[in-house]
Amino acid sequence: MQLYDYRHELIELLENTSNDQESLKQTLQSLTTVINILNHYEDGTPSPVTKRPKRIPHSENKAKRPTPRIRQASHSSLLTGPAHEVTTSSLSHSVTPEPVTVETGSQKERLAADDLYLVHRKLSGAEINHRYYNEALIHSLHFPVEDGDIVQLDPQQTVRGLPSIRRVTADHLDDYEPEKIKVIEYAELTSVPGSDVLQINSTLKGNSILDEASANTIVVDPFKFPGRNLKAGMVIDYAYFDHGNGLEDAKNGSIRWIHEKQDFDTTKQPAKPKQVKKVAHPRHDYEKKLDYDLKQRIVLVITGDRERSQELKAVVDKHHGLYHALDASMEDKVSSSKMKREIRDADFVVVCIDKIHHRISQLANHHAKRYEKPLAIANTTTNTAVERAIARALNGDPAYAQTSEDLANYEKK
């Protein structure tokens, strides 16, 4: 295929271009027109070949100089196709550049640019960016991760060699249909009489398919889960793909998680309370024991009964002590640091446990041991119980009263 030699027209155009701005601008427009014709030509009917335009000398008026026309032979051109003639004046009407379509990446690629990846949740663990995250890693997150979620990974921070999961975003892939996975939470493994297999037939929450009917049971074969050392009494989470077949789908599931033994171990029998030998104390000896002198030392009383505060102060004043009170009626108002300061400044600590949360008494016991402060427990927020607790703390006796009989007898005083 031969190409039309259009160099003569371009040479004439450049020769008739001077160095003033108007001439340079006009020539630039003509060159742009030629490039557009060569790149965006469409097939059409050839038109007659016309003569070349006259050469315009440099001395003539450049503004009135006609734009040269491109003459093409009758043969085909590799760039412009079949021969025909096009003038620059008719370009705006005859040639329209086609819009350029810019190919954009897929939705996954755009998300990956921001370290965002799809979660393929499994019965245990998940696949993210072609890497497997086991259930321990998923379970350690502070937010749930479901199939079809888009999560943001942090490649700079790794956990067990994998990029850490920073958060779950609100994005979703348009063409991804998440798997419907159901989880039976907090199901207790029980033994099957006369067999080595285990089963689950109820949950602690009471909201699963097992709890709908007493006959609903799923058999769990320990040999299918080597290394987990499954035993009756363990509490597990059991996951399965829900295809709408109810219990039949559930039977094809798998163990997702085994909960901590100290939280849900039902196989351990509760320890029997130790029998404390009652020691008879004559009443006058006990009263003599309560005749103590605190010698202006500080007694911190932790109680949830604010109305008894002044009465308890009178008890401490009676034994020449300095009364400090910590109001624990609202658990969220008592911080560990606040309690630490109060106990550190006190000489003796008395905790009235009848109207406070168990966490408060645990914190008090922890800080008292840390700062080696004598601590005693008053079962009730009464003058008698607090007075006896102060005496035990002063004498180094056990934190709890030995018997309730002594307290009952003393309260009749």
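**Close-up views of a predicted model**

**View 1. Helix α9 lies across β12 and β13.** In this predicted model, the direction of α9 makes about 150° with that of β13. Helix α11, residues 358-370, also packs on the sheet, where it touches β12, β14 and β15. Relative to β15, α11 runs at about 160°.

**View 2. Four strands form an open sheet with parallel pairing.** Reading across, the order is β13-β12-β14-β15. The edges belong to β13 (322-327) and β15, each of which pairs on one side only. On average, neighbouring strands are turned by 20° against each other, direction ignored. For a closer look, follow β12 and β13, which pair in the parallel sense over 6 bridges. Here Ile298 stands opposite Leu322 in β13.

**View 3. The largest nonpolar core has 19 residues.** Which of its residues touch the most other members? They are Leu294, Val299, Val301, Val350, Ala378, Val386 and Ile390. At least two residues of this core come from each of β12 (298-303), α9 (309-318), β14 (348-352), β15 (375-378) and α12 (383-395). The most are given by α12, with 6 residues.

**View 4. Ile390 touches residues far from its own place in the sequence, including Tyr292 and Leu294.** Leaving aside residues up to four places away in sequence, Ile390 also touches Val299, Val316 and Val350. Three of these names return from the previous view: Leu294, Val299 and Val350 are among the core residues that touch the most other members.

**View 5. A second, separate core holds 18 residues.** Among them are Ile298, Met339, Ile360 and Ile377. You have met Ile298 already, as the residue opposite Leu322 in β13.

**View 6. Helix α1 (residues 7-15) has Glu9, Glu12 and Leu13 buried.** Why do these three lie on the same side of α1? They cover an arc of only 100° around the axis, so they share one side of the helix. An α-helix has 3.6 residues a turn, so residues three or four places apart point the same way. On the other side of α1, Arg7 and Leu14 are exposed.

**View 7. Residues 58-64 have pLDDT below 50.** For the protein, the mean pLDDT is 77, and 72% of its residues reach 70 or more. The stretch 58-64 has 7 contacts in the model beyond near neighbours in sequence. Residues 281-288 likewise have pLDDT below 50, and this stretch has 7 contacts beyond near neighbours in sequence.

Key
Residues numbered from 1 in each chain as written. Predicted model: local features only at pLDDT ≥ 70, side-chain atom pairs only at ≥ 80, totals over all residues. Heavy atoms only, no water. pLDDT = per-residue confidence, 0-100. Contact = heavy atoms within 4.5 Å. Buried < 20%, exposed > 50% of the residue type's maximum accessible area, 1.4 Å probe, protein only. Arc of directions from axis to C-beta. Core = buried A, V, L, I, M, F, W, Y, C linked by side-chain atoms within 4.5 Å. Pairing = 2+ DSSP bridges. Axes fitted to C-alpha atoms, helices over the stretch in contact; angles between N-to-C directions.
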